[in-house]
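User: Please take a close look at one part of this protein, its buried interior. Walk me through what sits there and how it connects to the parts around it.

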Amino acid sequence: MSQVVGRADLLLVTLDTLRFDVAVELAEAGRLPNLAAHLPGGRWEERHAPGSFTYASHQAMFAGFLPTPAAPGPHPRLFAARFEGSESTADRTYVFDAPDLVSGLADAGYRTVCIGGVGFFNKRGALGSVLPGMFQESHWEPEFGVASPTSFEAQVARAERVVAELPAGQRLFLFVNVPSLHQPNWFHLPGATREAGDSRATHAAALEYVDRHIGRLFAAASSRRRCFTIVCSDHGTAYGDDGWTGHRLGHESVWTVPYAHFFLEPGAH
């Protein structure tokens, strides 16, 4: 990353609440053609989330603590704040002298843009302003939120506009928090009802919905130059697993998340 930052644009996509097992099953079944085309080897990497809910996990990721590989370490990080004694900072790590990665990239000349999704990005109150407040430019509107069946399409349209308005020479760090997997997601599965609620099947249908539109996001992000891209979940969620429901709890369905990083080449979409 020390050779990537300053040359490539950067895209971070968090598929909020996406379960690892559902992501793997759909990729293996050929139900994620647009995402799987970019996953190294066509497979998601299994990792452990840095937090069990959106706010905690994103605070960690924006400090450089992305989901950790689910295997014994050490695991050098892509990004790290400069601090003495860090055992996960290596020669190839991009080290920043700032309290968070977003500020560090701004200091390096990047335009930092947040396109929010779940409530922690809605800027409707003090708490919902903390994470988007790290960015030079942030966007949220009800059409981007968890209750919108077309949230990701609306977010992608905004991302396309953001990229189109940037000067050609301006480096970009674009962050998109995708709310579609988060509850409620029942409306993504034909025949599902509000009364029946969300399930593992509606969660999977929401991921298929995201896959149908993510190609446009990738095309926009790489339309000006090579773009280093991270796609991951910030945490999973339980649908009755071992009696557990939801997240902000310590179940495997919450802590185990899918992760991938790769380059998007200009004009390759």
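**Inside the model**

Analyst: The sulfur of C227 is 14 Å from the closest cysteine sulfur, that of C232, so it is too far away for a bond. A disulfide is a covalent bond between the sulfur atoms of two cysteines. Keep in mind that this is a predicted model. A search of the whole structure turns up zero disulfides. C232 is in no disulfide either. The nearest sulfur to that of C232 belongs to C114, 14 Å away. Both C227 and C232 are out of the solvent. C227 counts as buried, at 1% relative accessibility. C232 also counts as buried, at 1%.

Now the strand. β9 spans residues 227-232. It helps to line the largest cavity, giving at least two residues to that lining. β1, residues 9-15, gives at least two as well. In fact β1 gives the most, with three residues.

How big is this space? The largest cavity holds about 70 Å³. The structure has one cavity of 30 Å³ or more. Around the largest cavity sit L10, L11, L12, L66, F79, L101, F173, F228 and I230. Sort that lining by class and you get nine nonpolar residues, no polar ones and no charged ones.

Next, the core. In soluble globular proteins, nonpolar side chains tend to be buried together. Here the largest nonpolar core has 44 residues. Those with the most contacts inside this core are L11, L15, W44, L174, L207 and L217. L11 also appears in the lining of the largest cavity. Several elements give two or more residues to the core, among them β1, β8 (172-178), β9 and α7. Others that do so include α1 (20-28), β6 (111-115), α6 (151-165) and β12 (256-264). α7 gives the most, with 10 residues.

Follow α7 to its end. α7 covers residues 200-221, and S222 is found in the loop between α7 and β9. Is S222 buried or exposed? S222 is buried, because its relative accessible area is 0%, under the 20% cut-off. Its side chain has a polar partner. A polar atom of the S222 side chain lies 2.8 Å from the backbone oxygen of F218.

Look at the other side of α7 too. P184 lies in the loop between β8 and α7. The peptide bond that joins Q183 and P184 is cis, with omega about 0°. A second proline shows this feature. The bond from G73 to P74 is cis, with omega near 10°. P74 is placed in the loop between β3 (68-69) and β4 (79-81).

Finally, step out of the interior for contrast. K123 is found in the loop between β6 and α5 (127-130). K123 is not a glycine, yet its phi is positive, about 60°. K123 counts as partly exposed, because its relative accessibility of 36% falls between the 20% and 50% limits. R248 is in the loop between β11 (244-246) and α8 (252-255). R248 has a positive phi near 60° and is also a residue other than glycine. R248 is exposed, because its relative accessible area of 61% is over 50%.

To recap the interior: β1 gives the most to the lining of the largest cavity, and α7 gives the most to the largest nonpolar core. β9 contributes two or more residues to that core, and at least two to the lining of the largest cavity.

Definitions and conventions
Residues numbered from 1 in each chain as written. Predicted model: local features only at pLDDT ≥ 70, side-chain atom pairs only at ≥ 80, totals over all residues. Heavy atoms only, no water. 1 Å grid on protein atoms, 1.4 Å probe; cavity = no way out; pocket = protein on both sides within 12 Å on 5 of 7 lines; lining within 4 Å. Points joined across faces, edges and corners; volume = space filled by probe spheres on them. Helix = DSSP H or I, 4+ residues; strand = E, 2+ residues; numbered from the N terminus. Nonpolar A, V, L, I, M, F, W, Y, C, P; charged D, E, K, R; others polar. Buried < 20%, exposed > 50% of the residue type's maximum accessible area, 1.4 Å probe, protein only. Polar contact = N/O pair within 3.5 Å; in protein donor to acceptor, adjacent residues only side chain to side chain. Disulfide = S-S within 2.5 Å. Core = buried A, V, L, I, M, F, W, Y, C linked by side-chain atoms within 4.5 Å.
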